[in-house]
Amino acid sequence: MKGPLLVVEDLRCHIPSARGTVRAVDGVSLTLARGQVLGLVGESGCGKSTLVRTLVGAAPARASVSGAITVSGASLTDMPYEARRAFVGRHVGMVFQDPMSALNPVVPVGRQIGEAVRHHHGLSRAAARARAADLLEQVGVPDPGRRLRHYPHQFSGGLRQRITIAMALSCDPELLIADEATTALDVTVQRQILDLLTGLARDRGMGLIMVSHDLGVIAGRADETAVMYAGRIVERGPTREVFGRARHRYTDALLGAIPRLDAPPHTRLRVIPGAPPDLAGTAPGCAFAPRCPARGERCESESPPLQGESGGHAHACFHPAEGETT
Amino acid sequence: MTSEPPTPLPRPEPPLLRVENLVKRFRVPGGVIEAVSRVGFTLGRAQTLGLVGESGCGKSTTGRAVLQLPPPDAGSVRFRGEELTALSRRDMRRVRPSLQIVWQDPRSALNPGRRVRDLVAEGPVIAGRPRAEIAGRVDAALAEVGLNPAEVGDRRPHEFSGGQCQRIAIARALVLEPDLLVCDEPVASLDVSVQAQVINLLQDVKARHGLSLLFISHDLGVVRNVSDRVAVMYLGRIVEIGDVDSVYGAPAHPYTRALLDAVPVPDPLAPPPGPPLKGEVPSPLRPPSGCRFRTRCPLAQPVCAEQAPDLRPVGDDHQVACHFSLKESPVSRSSAPSRTAVQDGGPR
Amino acid sequence: MTNTPTRRGGTALWLASGWLGLLGLLALGVGLLPLPAPDAPVGGPNLPPFASFPEILGTDGIGRSVLSRLIHGARISLTVSIGATLLAAVLGGLLGVLAAYLRGFAESVIGVVLDAILAFPPLLLLLALAAVVRPGVGTLVASLGLLFVPPFARLAKAAALARLNREYVVAAEALGAGHGRLLFRELMPGCVPPVASYAVVMAALMIMVEGALSFLGVGIPPPAPSWGAMIAAGKDFLAMSPQLVLVPCAAMFLTVLSFNTVGEHLRARVDPGAGDAR
């Protein structure tokens with residue numbers, strides 16, 4: 001099959017709440033090719049998790065969703081609910097932040113992985129078991145044959161996350177989504193899991209979406225990076241471009257706010273004043289304007305569109321930074 | 001050591017805090033774990049010591065044991081020359097205002113039922129400061145952390161964002177005019193954009209009041225930014241301690257090296273880091289014999305299983321606990337008197 | 001957080017509160033009401049209800065006013081129920097919070113005491129007490145109150161442990177707070193709402209327990225008019241004058257239901273916002 005693996009067009013997910021409609025995802029467009037890694041980065045509450053949940057058809061109840069999602073040329077948005085669920089189950093794998101909530105604590109992990117395999121491939125019990133052991137081996141669980149019988153609580157945090165990755169791989173997905181998959185882990189283990197995820201994506205030719213609040217996690221691993229703020233993608237492009245020549249004022253400020261290992265001690269951090277906006281508000285204009293050092297009159301009345309530049313680098317800012325971040 | 005110095009040097013002032021052989025054990029379902037195992041360090045006035053390590057390494061427990069919350073099982077904590085572990089509960093309460101703490105989860109550390117003004121006033125009220133004086137001090141403390149006292153004074157913690165709660169918590173400590181502020185993962189629960197505000201605030205406050213900070217964090221970038229000296233902990237022990245530039249610039253312990261390599265750097269052009277560490281931190285219930293890091297160490301030899309390495313100097317202010325340090329001890333140069341009055345760290 | 005009573009309670013909550021309020025007023029003001037004495041005959045025995053004025057509820061087997069006895073009975077039943085609940089809640093609450101705060105040896109001692117109370121057959125204890133001490137409101141309040149200490153202690157301990165895990169108690173200690181302040185200013189206030197809402201539900205149970213004990217003859221001794229005693233006396237005339245049983249039963253039913261409704265509502269308000277509870 002040719003063409004991109006994933007195409008998202010003008011996706012919106014508006015969630016009604018007591019304080020008004022929360023525009024958690026507000027007009028997001030994306031494409032992802034096979035074998036590519038897309039980093040989706042943003043602070044808590046920017047809508048990145050809602051975005052990926054909406055992608056797999058798990059938007060919050062009562063949310064109104066619009067826009068088009070196409071996976072491998074099949075339009076998810078046109079499918080009836082059951083067909084869509086089955087399609088997503090076969091083609092998309094997901095890994096979450098907390099492996100304990102994704103695993104059943106009272107069922108041995110071998111059975112849990114095997115069940116998923118049987119469901120998708122209709123294998124016999126013994127074959128499913130062999131496949132589960134094979135999957136555990138692929139994700140680097142030592143001694144997989146014996147470990148199949150163990151329960152989730154008998155594994156360390158890093159191994160648990162490997163097990164959920166094995167479950168996500170059980171259907172041989174074309175697209176793998178890792179939603180803050182390493183946030184709860186220590187840095188040395190985080191590095192192992194990130195290596196595993198990107199290695200799997202490369203070897204299997206999967207598309208990988210890495211969702212994280214940590215710019216560092218994205219920088220070294222993603223081919224493309226999309227920065228989200230207040231439900232929109234405010235900057236998108238090849239990772240080197242986005243980090244090396246940030247154009248949107250938010251990306252630029254965020255990069256300056258991170259304490260870096262290569263900066264001398266007591267380097268004054270650049271501060272972004274204020275706090276991320278409440279998505280229930282419906283103020284016109286750029287959502288970042290109240291915190292932006294370069295805002296003009298236009299920013300407060302008009303919402304900047306995502307404009308392309310050469311090399312697929314796009315930003316949604318009327319007064320972009322010149323690039324060359326510190 | 002003082003072998004006829006050219007000019008009579010003034011006797012160096014004793015450090016604000018000297019911790020020696022600190023031990024803290026916990027009883028857990030499977031037995032007893034030694035969460036902090038013979039930890040020692042010193043912290044000078046107006047200095048920041050970063051305490052860094054992965055979860056379960058004992059860094060937070062160390063911070064709390066210094067504050068006697070709860071007191072350690074063994075070891076010595078000397079603060080302004082006073083042995084805290086020997087103080088009665090009553091005497092400890094007298095010292096408490098000088099040793100304050102900022103917690104990881106600011107919401108959890110603020111009683112949800114109280115108003116901001118009362119929360120900040122709590123310390124001075126307990127300390128028995130005169131009522132008339134307290135109101136002014138509370139307002140000053142709130143203003144110093146960037147909050148408008150008139151605006152926030154009568155509100156309750158749940159009305160504030162995480163970053164604002166952390167400011168309230170800092171005001172709560174500042175109002176007591178402490179000498180030492182233990183910061184226990186103060187920015188771990190905050191977003192990057194808000195984290196920078198709080199870090200800068202802590203730096204300002206420290207400079208203005210000449211505070212000493214014991215800054216506990218798992219984030220190596222944050223620790224490098226705020227610290228003068230840094231101690232790296234692994235499974236209850238300090239494996240490396242020294243001034244920030246030495247430790248980050250030329251790490252002597254293989255664990256420190258691996259930790260630095262594992263930090264995700266927000267730069268796609270960063271050079272590829274060294275090989276990753278294998279496995280995960282072993283259970284503190286059954287720590288490995290000898291050097292606790294040996295099960296994951298790329299340099300481990302038989303001697304590492306037999307003998308626990310002690311901290312030994314590898315630089316002016318740089319000590320490491322490793323048999324096969326990545327940086328060798330400057331033995332020949334150590335006979336010269338040290339140029340600066342940097343206090344050494346750690347137990348002898 | 002909610003400034004207005006939640007709509008979930010609705011009419012049932014208002015009716016329940018209304019009934020309890022009315023009962024409370026009657027019980028408090030019983031001396032001011034133009035009622036005949038509850039223990040003296042006012043007319044012939046077993047007068048049917050609505051047959052004469054002012055005895056609209058009729059008279060019992062020995063000619064005493066049912067209306068007067070019902071209202072006087074409300075006073076006794078409510079006194080026993082509320083008194084015993086208060087005693088149990090305060091004692092249990094204190095013990096529970098202390099056990100959670102002190103841990104170690106004190107926690108074990110408190111645990112053993114509570115287990116001992118739980119292990120005691122309650123009816124046997126009350127029968128034994130009735131044999132030794134002169135039965136009455138005071139005795140009943142004390143014995144019921146003690147018997148119901150354990151569940152309150154458990155609840156308070158759980159609530160206190162949950163708060164001890166939040167850092168604000170340790171934070172107050174870091175500010176220099178002593179035991180007293182930690183216990184009474186930091187720990188206790190947060191434990192009051194769950195204990196109080198549970199107490200309302202327990203008050204309903206106490207009404208029934210008091211009724212059952214009086215029915216068995218080990219509660220309030222006659223001729224004092226508690227609801228349980230009225231039911232016990234009325235059962236002899238069940239075929240002839242069922243209202244002698246039905247009227248106090250109905251009063252008891254409505255009161256228990258009302259306590260439960262109010263208690264459930266309070267619990268629902270305390271539980272979800274446990275963090276915001278004052």
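Two residues are in contact here when they have heavy atoms within 4.5 Å. The model is predicted, so local features need pLDDT of at least 70 and side-chain atom pairs count only at pLDDT 80 or more, while totals for chains, interfaces and linings use all residues. Residues are numbered from 1 along each chain as its sequence is written, chains are lettered from A and ligands numbered from 1 in the order in which they are written, and side-chain values use heavy atoms, with hydrogens and water left out.

**Exercise 1. Work out which chains touch, then describe the interface of chains A and B.**

Step 1. Start with the pairs. Two pairs of chains are in contact, and chains A and B share the most contacts. Chain A and chain C do not touch, with their nearest C-alpha atoms 13 Å apart.

Step 2. Count the residues. Chain A puts 43 residues into its contact with chain B, and chain B puts in 45.

Step 3. Get the area. Buried area is the accessible area (1.4 Å probe) that two parts lose on being put together, summed over both. For chains A and B that comes to about 3600 Å², with 55% from carbon and sulfur atoms. On the chain A side, A:R191, A:L261 and A:H266 lose the most area to chain B, together 21% of what that side buries.

Step 4. Look for charge pairs. A salt bridge is a side-chain nitrogen of Lys or Arg within 4 Å of a carboxyl oxygen of Asp or Glu. Chains A and B have one salt bridge between them. You can find B:D204 and A:R268 joined by a salt bridge at 2.8 Å, N to O.

Step 5. Add the polar contacts. These are pairs of N or O atoms within 3.5 Å; within protein, one must be able to donate a hydrogen and the other to accept it, and residues adjacent in sequence count only if both atoms are side-chain atoms. Between chains A and B, 22 residue pairs qualify, both residues being at pLDDT 80 or more.

Step 6. Place it on the fold. Helices (H or I, at least four residues) and strands (E, at least two) are DSSP runs, numbered from the N terminus. Among the helices of chain A that each supply at least two residues to the side touching chain B are α7 (157-169) and α8 (187-204). The biggest giver is α8(A), with seven residues.

Step 7. Sort by class. Ala, Val, Leu, Ile, Met, Phe, Trp, Tyr, Cys and Pro count as nonpolar, Asp, Glu, Lys and Arg as charged, and the others, Gly among them, as polar. The chain A side that touches chain B splits into 20 nonpolar, 13 polar and ten charged residues.

**Exercise 2. Do the same for chains B and C.**

Step 1. Here chain B brings 26 residues and chain C brings 22. The buried area is about 2200 Å², and carbon and sulfur atoms give 51% of it.

Step 2. The rule finds four salt bridges across this interface. One pairs C:E186 with B:R114 at 3.2 Å, N to O. Ten residue pairs are in polar contact, both residues at pLDDT 80 or more.

Step 3. On the chain B side that touches chain C, α2 (89-95), β6 (99-102), α3 (106-109) and α4 (116-126) each supply at least two residues. Of these, α4(B) gives the most, with four residues. By class, this side has ten nonpolar, six polar and ten charged residues.

**Exercise 3. Now go inside chain B and describe how its two domains meet.**

Step 1. Domain bounds come from an automatic or database domain assignment. For chain B they are domain 1 (1-69 + 179-348) and domain 2 (81-178). The C-alpha centres of these domains lie 28 Å apart.

Step 2. Domain 1 of chain B gives 25 residues to the contact and domain 2 of chain B gives 23. Together they bury about 2200 Å², 62% of it on carbon and sulfur atoms. In domain 1 of chain B, the residues losing the most area to domain 2 are B:L67, B:Q68 and B:L201, together 24% of what that side buries.

Step 3. The two domains of chain B have one salt bridge between them. B:R208 and B:E144 meet in a salt bridge at 2.5 Å, N to O. Polar contacts link 14 residue pairs across the domain interface, both residues at pLDDT 80 or more.
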